[in-house]
Amino acid sequence: MSDAPTVAVFRPDDDRLERARELLADLGAEPVPDPMLAVEATDATPRTDADYVVFTSKTGAELVSAAGWEPSGETVCAIGPATADALREEGYAVDLVPEEFTSSGLVAALSDAVDGARVEVARSDHGSPVLLEGLENAGAYVHETILYRLVRPEGSGESAQLAADGDLDTACFTSSLTVEHFLEAAAERGIREDALAGLADATVGVIGEPTAETAAEQGIDVDVVPEEATFETLARETLAATPVPTE
């Protein structure tokens with residue numbers, strides 16, 4: 001048996017998955033790519049009457065560019081550096097990135113500025129209610145535009161089988177939906193309880209408290225929740241907490 005820990009990674013099957021694989025390999029791990037999210041675009045664009053426009057993903061940045069969105073003086077906000085970089089790559093200026101790269105971090109960054117303002121939140125159909133509720137509580141008039149839907153790819157679940165067989169050392173969940181889709185894939189294969197037992201013996205890392213809460217609700221013990229909500233930090237900290245496999 002290899003002394004490299006097996007690490008399930010659930011990123012969408014695009015450059016994010018490839019970068020995750022390269023990072024994990026560079027960190028001495030054996031990546032198990034098992035995409036749990038696929039994107040179905042709606043071709044929608046943000047409303048044009050907002051004072052603030054909030055983006056929460058690289059995918060959203062790319063889709064609004066493809067759909068021809070042109071900002072008209074709004075304050076453009078990105079949930080984190082990866083989203084901000086994607087927006088800039090598409091030619092958009094980014095005005096605000098919160099110190100904490102989460103929905104609650106965005107709310108904290110905007111709460112003193114949005115009372116009475118129109119805020120457009122442009123994201124997937126599985127966005128956290130924390131963002132909408134927090135902005136509304138700060139006095140904003142909030143509208144949500146669904147840029148894309150997130151669905152589970154056919155054939156997903158290789159990592160669930162490895163977990164059920166006791167051959168998965170580490171899992172890196174990046175959203176509540178990756179947790180839910182992992183368990184759906186396991187159930188589809190008839191191995192849900194065995195996969196949960198396998199995760200109990202593995203090191204589980206998640207991005208963000210909402211993901212940690214979802215995992216806990218589903219009976220998954222979470223070992224690592226990094227302060228910085230990026231995949232690289234998640235991978236590094238979860239691997240650091242993973243025992244080295246032995247013969």
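In what order do the five strands of the open sheet lie, and is their pairing mixed? Before I answer, please keep in mind that what we are looking at is a predicted model. The order is E3-E7-E6-E4-E5, and the pairing in this open sheet of five strands is indeed mixed. At the edges we find strand E3, residues 38-41, and strand E5, residues 75-78, each of which pairs on one side only. If we ignore direction, neighbouring strands of this sheet are turned by 25° against each other on average.

Let me take the two edges in turn, and recall that strands of a sheet pair through backbone hydrogen bonds, either parallel or antiparallel. At one edge, E3 is joined by four bridges to strand E7, residues 141-151, and these two run antiparallel; here Glu40 stands opposite Arg149 in E7. At the other edge, four bridges join E4 to E5, and this pair runs parallel, with Val53 standing opposite Val76 in E5.

Strand E4, residues 52-55, deserves a further word, since both of its faces are covered. In a regular strand the side chains alternate between the two faces of the sheet. In E4, Tyr52 and Val54 lie on one side, Val53 and Phe55 lie on the other, and all of them are buried.

Now to the helices, where two packed partners are described by the angle between their axes and the distance between the axes. The axes of helix H7, residues 176-188, and helix H8, residues 192-201, come within 7 Å and cross at roughly 130°, which makes H7 oblique to H8. On the H7 side the contact is made by Phe182, Leu183, Ala186 and Ala187, and on the H8 side by Arg192, Ala195, Leu196 and Leu199. Sorted by character, the residues of this contact are seven nonpolar, no polar and one charged.

That leads to the cores, and in soluble globular proteins, nonpolar side chains tend to be buried together. The largest nonpolar core has 23 residues, and among those with the most contacts inside it are Phe10, Phe182, Leu199 and Ile220. Helix H6, strand E8, H7, H8, strand E9 and helix H9 each give two or more residues to this core, and H7 gives the most, with five residues. Ile220, leaving aside its neighbours within four places in sequence, is in contact with Val179, Leu183, Leu196, Leu199, Val204 and Ala215. Finally, there is a second, separate core of 19 residues, which includes Leu37, Phe55, Ala61 and Leu150.

Definitions and conventions. Residues are numbered from 1 along each chain as its sequence is written. This is a predicted model: local features need pLDDT of at least 70, side-chain atom pairs count only at pLDDT 80 or more; totals for chains, interfaces and linings use all residues. Side-chain values use heavy atoms; hydrogens and water are left out. Axes are lines fitted to C-alpha atoms, for helices over the stretch in contact, and angles run from 0 to 180 degrees between N-to-C directions. Angles under 35 degrees count as roughly parallel, over 145 as roughly antiparallel, 65 to 115 as roughly perpendicular and the rest as oblique. Contact means heavy atoms within 4.5 Å. Ala, Val, Leu, Ile, Met, Phe, Trp, Tyr, Cys and Pro count as nonpolar, Asp, Glu, Lys and Arg as charged, and the others, Gly among them, as polar. Two strands pair if DSSP finds at least two bridges between them. A nonpolar core is a set of buried Ala, Val, Leu, Ile, Met, Phe, Trp, Tyr and Cys residues joined through side-chain atoms within 4.5 Å. Buried means under 20% relative accessible area, exposed over 50%, partly exposed in between (1.4 Å probe, protein chains only).
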